[in-house]
Structure formats: C-alpha cells, structure tokens
Number of protein chains: 2
Amino acid sequence: MWETFVQHQSVEEIMNDKGLAKIGDAIVNLCYSLAKSKVLGNATGDKVKDSILARAIRATEVYRHISHRTDSGKAADAYEAIVAYLWMKERITVQEIVENLVQTLQIDSKTNRKREEVIAAQSFQHFLEQHITLLP
Amino acid sequence: MWETFVQHQSVEEIMNDKGLAKIGDAIVNLCYSLAKSKVLGNATGDKVKDSILARAIRATEVYRHISHRTDSGKAADAYEAIVAYLWMKERITVQEIVENLVQTLQIDSKTNRKREEVIAAQSFQHFLEQHITLLP
C-alpha cells in the first residue's frame, strides 16, 4: 500500500526524508502511548519529545550515517523517518513496535517525568538496535 | 491485545475517556498524514487541529450524546476517543481509516490551508458517519 513512498536505496536517504519523518512522528507517538498504556495498565498517551529520540539515535551505530553535527530536531526527524520506513515497508507492525518498547519501559505511576524520559530514550534505542538489519 | 482498555458500555463513556483521547490523537494524526500523502503522491504529514475534529463531530448525530456545551478541545477529544475505541476494539484498521478519508479528501498541492481544513473536517465527518453503528 505504501511501497511508492519507500523506494530509498540507503539509510542516509531515509534519514533525510522530511515527509517520512512527519509520518514517523505520528507512529512514534502512537506506539509510545500504547506502550505506556500497557505498562501502566490504563489508557494514556504522550508526545515523544525530540530530545528523547535524539538521545536514542545518537547511541546507535546508525547515527554515524549522519555525517555533520545535527541538532535534536534533525536527529529526531532521522529516527522518525526510520520508523516510518520500517512500518511502510511492512517490515514491522505497530503491535510489534509496542511489544518491543514494553520489554524495556520500566516505569510506573510514580516515575517522574525526567526519569521517564531517560528510560524512554533507552527503550527507543533498544528498539532501533534490534531493527538496524532491516534497513538498506 | 487492547481489550482491557475498551470495556465501555456507552458512547458517552467513550467520549469522556481522556486516556483514549490521547491515543486517538496519535491515530488521527497518523491516518490524516497517510491519507494526505496518498492524495498528494508524496510522503507528508500534519497534525490535525482540534477545530477540524470539533467541526466534524458536531456535524454528526453522535454529538447529541455530549449533553452540555463543549469547547473545541473537548469536542476533539471526544472524536479522538471514538477513533481509539474503534481501533483498539479491532473494529477498524489504520489502512481502512486512511482509505475512507482518501475517498473524500479532495485536495491538491495548491489547496490553501484554510480550504484544506474545511475539506479535512468533511472527510472526518464522513468517516464518523460511516462508523457510528460500530459504537455501543
């Protein structure tokens, strides 16, 4: 269904696709909201800040494909574009992303926001590391 | 997978579930971004404003279940909660929502923002009207 939008030949091409990043932004927010709901046991949601995704991607080997220095916004866009690519290529489903995040999202109703952000970044890093081999 | 979060007995209960609304917010943004990408032929995305979803839900018969006057934020939350409910109950998939929106999303690269918002509200209204019977 989305094949025409994901004809990229390289990781660099994916990470620079601003359109994919916009779609990925919504996928990331959806998956994080669902993962958090599952962990806490009640429906809830959150927008995932750029700083969280930037921290996650900078900790992975994918990041070396971004040659020049990037700000948090651009690093987060790169993460989001990768997620959109994997989903639109049907390499991964929303349910699978959620299940992967849940594995490492060790928060509870008392976890403060700062701590949650650190843990969320680790979960997103873990997810990306597990799926790097699915990228071109 | 999400059954425990969607045990609601009535539409009113769904529309007042703030947690569901947060999840629905991400689903709505994802589906609109995908529908817009499909219509325009290139990957792109947009956050759907509260005013668009408020206009959509107020034009449907579901709205009479909101007894008191509501602002745009609350009306949009009600719309988002309904979408999350339908998706989490597995009554509808992301692909199906996108295909439904695409049917009426008559925009092109030259459509200005104001006009796009009017058309988007009509598409979301159309979607809801088509799925009212799936609600409790």
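Copies are superposed here by least squares on the C-alpha atoms of residues with pLDDT of at least 70 in both. With that in hand, let's walk through this predicted model, starting with how its two chains relate. A turn of 180 degrees, with a shift of 0.0 Å along the axis, lays chain A on chain B with an RMSD of 0.0 Å. The two copies are thus related as by a two-fold rotation axis. If you would like to find that axis on screen, look for Ala26(A): of the residues of chain A, its C-alpha comes closest to the rotation axis, at 2.8 Å.

Next, the place where the chains meet. Here 20 residues of chain A are in contact with 20 residues of chain B. On the chain A side, helix 2 (residues 18–40) gives the largest share, twelve residues. Sorted by class, this side of chain A has nine nonpolar, eight polar and three charged residues. Because 100% of the interface residues of chain A are also interface residues in chain B, the copies meet through the same surface.

For a single residue's view of this meeting, take Gly19(A), which is found in helix 2 of chain A. Across the interface, Gly19(A) touches Ser37(B), Asn42(B), Ala43(B), Thr44(B) and Gly45(B). Within its own chain, Gly19(A) lies 7.9 Å from Ala81(A), C-alpha to C-alpha, although the two are 62 residues apart in sequence. Is Gly19(A) buried or exposed? Gly19(A) has 18 other C-beta atoms within 10 Å, so it counts as partly exposed.

Now let's turn to the inside of chain B. Two packed helices are described by the angle between their axes and the distance between the axes. For helix 2 (residues 18–40) and helix 4 (residues 72–88) of chain B, the angle is about 80 degrees and the axes are 7 Å apart. That makes helix 2 of chain B roughly perpendicular to helix 4 of chain B. Helix 2 of chain B brings residues including Leu20(B), Ile23(B), Ile27(B) and Val28(B) to the contact, while helix 4 of chain B brings, among others, Ala81(B), Val83(B), Tyr85(B) and Trp87(B). By class, this contact has ten nonpolar, one polar and four charged residues.

Our last stop is helix 6 (residues 113–131) of chain B. At 1.5 Å a residue, its 19 residues should span 27 Å, and this agrees with its end C-alpha atoms, which are 27 Å apart. Among the buried residues of this helix are Ala120(B), Phe124(B), Phe127(B) and Leu128(B). What covers the buried residues of helix 6 of chain B includes helix 2, helix 3, helix 4 and helix 5 of chain B.

Conventions:
Residues numbered from 1 in each chain as written. Chains lettered and ligands numbered in written order. Predicted model: local features only at pLDDT ≥ 70, side-chain atom pairs only at ≥ 80, totals over all residues. Contact = placed C-beta atoms within 7 Å. Axes fitted to C-alpha atoms, helices over the stretch in contact; angles between N-to-C directions. Helix = DSSP H or I, 4+ residues; strand = E, 2+ residues; numbered from the N terminus. Parallel < 35°, antiparallel > 145°, perpendicular 65-115°, else oblique. Nonpolar A, V, L, I, M, F, W, Y, C, P; charged D, E, K, R; others polar. Expected span 1.5 Å × (residues − 1). Buried ≥ 20, exposed ≤ 12 C-beta atoms within 10 Å, placed from the backbone. Lists of a residue's contacts leave out its neighbours within four places in sequence.
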